[in-house]
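Here is a short briefing on the structure shown below. It goes topic by topic.

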Number of protein chains: 2
Amino acid sequence: MNSLSPYQLRQQIRTGLFSGQTSGLASGYVQCNMAILSQSWAAEFLLFCQRNPKACPLVAVSEPGQFLLPELGKDIDLRTDLPGYRIFRHGKLTDEVQNISALWRQDLVSFLIGCSFSFEDALIAAGLEIRHISEGKNVPMYNTNLPCVPAGRFSGTMVVSMRPMKPADAIRAIQICSRFPAVHGAPVHFGAPEAIGIFDLRSPDYGDAVSIQQDEVPVFWACGVTPQAVITQAKPEFCITHSPGHMLVTDLLNTSLASF
Amino acid sequence: MNSLSPYQLRQQIRTGLFSGQTSGLASGYVQCNMAILSQSWAAEFLLFCQRNPKACPLVAVSEPGQFLLPELGKDIDLRTDLPGYRIFRHGKLTDEVQNISALWRQDLVSFLIGCSFSFEDALIAAGLEIRHISEGKNVPMYNTNLPCVPAGRFSGTMVVSMRPMKPADAIRAIQICSRFPAVHGAPVHFGAPEAIGIFDLRSPDYGDAVSIQQDEVPVFWACGVTPQAVITQAKPEFCITHSPGHMLVTDLLNTSLASF
């Protein structure tokens, strides 16, 4: 699996040969979170993303009904090329499937949202340790009291991911991630977790806790779970997202997202 | 005029004491292009901006009917605080006014779009010469054959502004402007104008021609005239823009837009 190109990996997914998480696969290529909403909700969600670019960095937005996205990769079909989809009705998870062709409608608009895998790739390339990767875990994620800027029916607080680092490494990470506004950009906070409404780092709201050394500070990034949380709260009649960790793997190189 | 704060300048504009161009005023502060569309056109235009961030970098988007924008500055009222407005009906310029209070409607959505003044400020601070400023002219702007990514009823080609520079200065300008994605970002082209469909640099489509020295290359930036040109082509029933050069002066520092 590890040696497949993004296109080959998507073919395996489409034909049902692979349905696992995509973390670590097609190394070096952009993976995207996805949210699909009906046209009657899409304009407000687009505005929400425009107003909250750190939590909801848009890589692409489809036309209504469009399921092919050639600008993101050869032959990409959003209905079949993700290894897992979640179906939400009125804000409730009602189904988890590997193919949404039967659910497709002409009024559906797809939002492809940048993901932390891309900046982690750049941090690792710079020689920084990413704790949850070293420890073989999912990144720890936390609800915060940081308000998102509301747009229409969408509002809520930011979800953040956390990576512990020595201050000098945190400084380097801030520099590197600032180059990647399309994948959450620079961190939003470091140090005192209670300042952003997090009271126990050992109990993340999503993902796994990781160890933090005495000489390290927690560094917090806006997280792609935010849009999913906000959509769930807004309770649209119908919504499809990727299953956690089951991302769209594109043909775009992570390095192509660097703004500098 | 030169020494007024953005707030003081807006008060002069609102009370009719100033109705001139804003170039060079409230130095150091972000000025914005503006386009106002009815809600029935706004969602498609928002998508157009998302897909063409270099030509249409959004600084803020209002709610329908919202004319106060406190996040951009103290007491900002979009109906009165620009020194000139253009009214378009079905794509045709029908009026030019200094106050749009009487035209305001609850379905109007305002788009505030970054402007080159902000990055020129950063280039000057870095010691670079901006030719049209040295020569006391408007920046030369050209239609190109570079296609914008269409969205709904909005499509067209990019308009660019041009500043001649020695190659070493152009390289420095590329570095500096890359830090400012909210105000057009890095240039889109340099050198051979015919490669992007410009056949006579001495005849700009908008603004004034400037001198180019033997050892200089023309450097081209995506220009905020693009969204106006695209809107005019799409012919919405009703649209308001700022009058050329008569921008919204905000309380945001140009330096606050730097991504790095």
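Which residues does A:Ser38 touch, not counting residues up to four places away in sequence? They are A:Arg105, A:Asp107, A:Leu108 and A:Phe238. The model is predicted. Chain A and chain B superpose by a rotation of 180° with 0.0 Å of shift along the axis, at an RMSD of 0.0 Å. The two copies are thus related as by a two-fold rotation axis.

**A:Ser38**

- A:Ser38 sits in strand S1 of chain A, which covers residues 29-38.
- A:Ser38 is buried, because its relative accessible area is 4% and buried means under 20%.
- Its side chain makes a polar contact with the side chain of A:Ser40, at 2.9 Å.
- A:Asn138 is 100 residues from A:Ser38 along the chain, and their C-alpha atoms are separated by 31 Å.

**Symmetry and the A-B interface**

- A:Ala43 comes closest to the rotation axis among the residues of chain A, with its C-alpha at 2.7 Å.
- The same surface serves both copies: 100% of the contact residues of chain A recur in chain B.
- The contact involves 17 residues of chain A and 17 residues of chain B.
- Between them, the two chains bury about 1,400 Å², and 58% of that is on carbon and sulfur atoms.
- Two salt bridges are found across the interface of chain A and chain B.
- B:Glu63 forms a salt bridge with A:Arg51, with the closest N and O atoms 2.6 Å apart.
- Five residue pairs are in polar contact across this interface, both residues at pLDDT 80 or more.
- On the side of chain A that touches chain B, the elements giving two or more residues are helix H2 (39-51), strand S2 (58-61) and helix H5 (167-178) of chain A.
- H2(A) gives the most to that side, with five residues.

**Nonpolar core**

- The largest nonpolar core has 68 residues.
- The residues with the most contacts inside that core are A:Phe45, A:Phe111, A:Phe154, B:Phe45, B:Phe111 and B:Phe154.
- Leaving out residues up to four places away in sequence, A:Phe154 touches A:Leu37, A:Trp41, A:Glu44, A:Phe45, A:Phe48, A:Val230, A:Ile231 and A:Ala234.

**Helix H6 of chain B**

- Helix H6 of chain B spans residues 225-234 and is mostly covered, with seven of its 10 residues buried.
- The buried residues in H6(B) are B:Thr226, B:Pro227, B:Gln228, B:Ala229, B:Val230, B:Ile231 and B:Ala234.
- Their cover includes strand S1 (29-38), helix H2 (39-51), strand S5 (108-114), strand S7 (157-165) and strand S10 (238-242) of chain B.
- B:Lys235 comes just after H6(B) and takes a positive phi of about 55°.

**B:His246**

- Where does B:His246 lie? B:His246 is in the loop between S10 and strand S11 (248-253) of chain B.
- Is B:His246 buried or exposed? B:His246 is buried, because its relative accessible area is 14% and the cut-off is under 20%.
- The side chain of B:His246 reaches the backbone oxygen of B:Pro244 at 2.8 Å.
- A polar atom of the same side chain, that of B:His246, lies 3.4 Å from the backbone oxygen of B:Ser19.
- Neighbours within four places in sequence aside, B:His246 is in contact with B:Ser19, B:Gly20, B:Gln21, B:Thr22, B:Leu82, B:Pro83 and B:Gly84.

How values were computed:
Residues numbered from 1 in each chain as written. Chains lettered and ligands numbered in written order. Predicted model: local features only at pLDDT ≥ 70, side-chain atom pairs only at ≥ 80, totals over all residues. Heavy atoms only, no water. Buried < 20%, exposed > 50% of the residue type's maximum accessible area, 1.4 Å probe, protein only. Helix = DSSP H or I, 4+ residues; strand = E, 2+ residues; numbered from the N terminus. Contact = heavy atoms within 4.5 Å. Core = buried A, V, L, I, M, F, W, Y, C linked by side-chain atoms within 4.5 Å. Least-squares fit on C-alpha atoms with pLDDT ≥ 70 in both. Buried area = accessible area lost by both parts, 1.4 Å probe. Salt bridge = Lys/Arg side-chain N within 4 Å of Asp/Glu carboxyl O. Polar contact = N/O pair within 3.5 Å; in protein donor to acceptor, adjacent residues only side chain to side chain.
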